[in-house]
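Got a protein chain in front of you and not sure where to begin? Let's walk through this one together, starting with the whole chain and then zooming in.

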Amino acid sequence: MAFHPYLFFGGNCREAFTRYHEIFGGDLVLLDMNEAPPDARSPGIDPNLIIHAALKIGDALVMASDDPIADPFGPVQGMQVNYSTTDAADAQRVFDALADGGQITGPFGPTFFSPAFGMCVDRFGTPWMVSADPPADGS
């Protein structure tokens, strides 16, 4: 069994997932309303909105779409997307890229549970936790 986050955006899903692809690499799929069969399209909905985005990196998968009915589209609350890596330098790179244009909510640095950890809300409104796994030997 696997859990895969599914995010919603207020019209900027394409921009967000293009940026996530730049940061994380992997395989990106973006489907917009233009690609839906005509009878599946909702009248009055911008045909350029993303109806499905998927970013697959190895075994990891994060998905999203634009929410065409949320007006106004508010900030994500009650969850964070977590990215963890074994490399503290990679964690720093990812944190800096996600925080660029966003808001740092927890400064990046060592903690009692991680050699490198920080929290931010990216410029698209997605909250993130970024961490480096502690060494296997506990040092």
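Here is a short tour, from the overall layout down to a pair of strands.

First, keep in mind that what you're looking at is a predicted model. Try picking out the helices and strands: the chain has two helices and eight strands. If you trace them along the sequence, you get the pattern β-α-β-β-β-β-α-β-β-β. So much for the parts list; how much room do they take up? Along the principal axes, the C-alpha atoms fill a box of roughly 60 × 30 × 25 Å.

Next, think about inside and outside. The chain has 139 residues, and 35% of them count as buried, meaning that under 20% of their relative area is accessible. On the outside, the chain exposes about 8100 Å², with carbon and sulfur atoms supplying 57% of that area.

Now for contacts and charges. Take the contacts between residues with a separation of 6 or more: 51% of these link residues that sit 24 or more positions apart in the sequence. As for charges, the chain carries 6 positive and 18 negative ones. Average the positions of each kind, and the two mean points lie 5 Å apart.

Finally, let's zoom in. Find strand 6, at residues 103–109, and strand 7, at residues 116–121. In which sense do these two strands pair? They run antiparallel, and the pairing covers four bridges. Between them, six residues make the link of a hairpin. For a landmark, look for Ile-104, which stands opposite Cys-120 in strand 7.

Definitions and conventions: Residues are numbered from 1 along each chain as its sequence is written. This is a predicted model: local features need pLDDT of at least 70, side-chain atom pairs count only at pLDDT 80 or more; totals for chains, interfaces and linings use all residues. Side-chain values use heavy atoms; hydrogens and water are left out. Buried means under 20% relative accessible area, exposed over 50%, partly exposed in between (1.4 Å probe, protein chains only). Contact means heavy atoms within 4.5 Å. Accessible areas come from the Shrake-Rupley method with a 1.4 Å probe; for residues, only the protein chains shown count as cover. Lys and Arg count as positive and Asp and Glu as negative; His and the chain ends are not counted. The place of a charge is taken as NZ of Lys, CZ of Arg, CG of Asp or CD of Glu. Two strands pair if DSSP finds at least two bridges between them.
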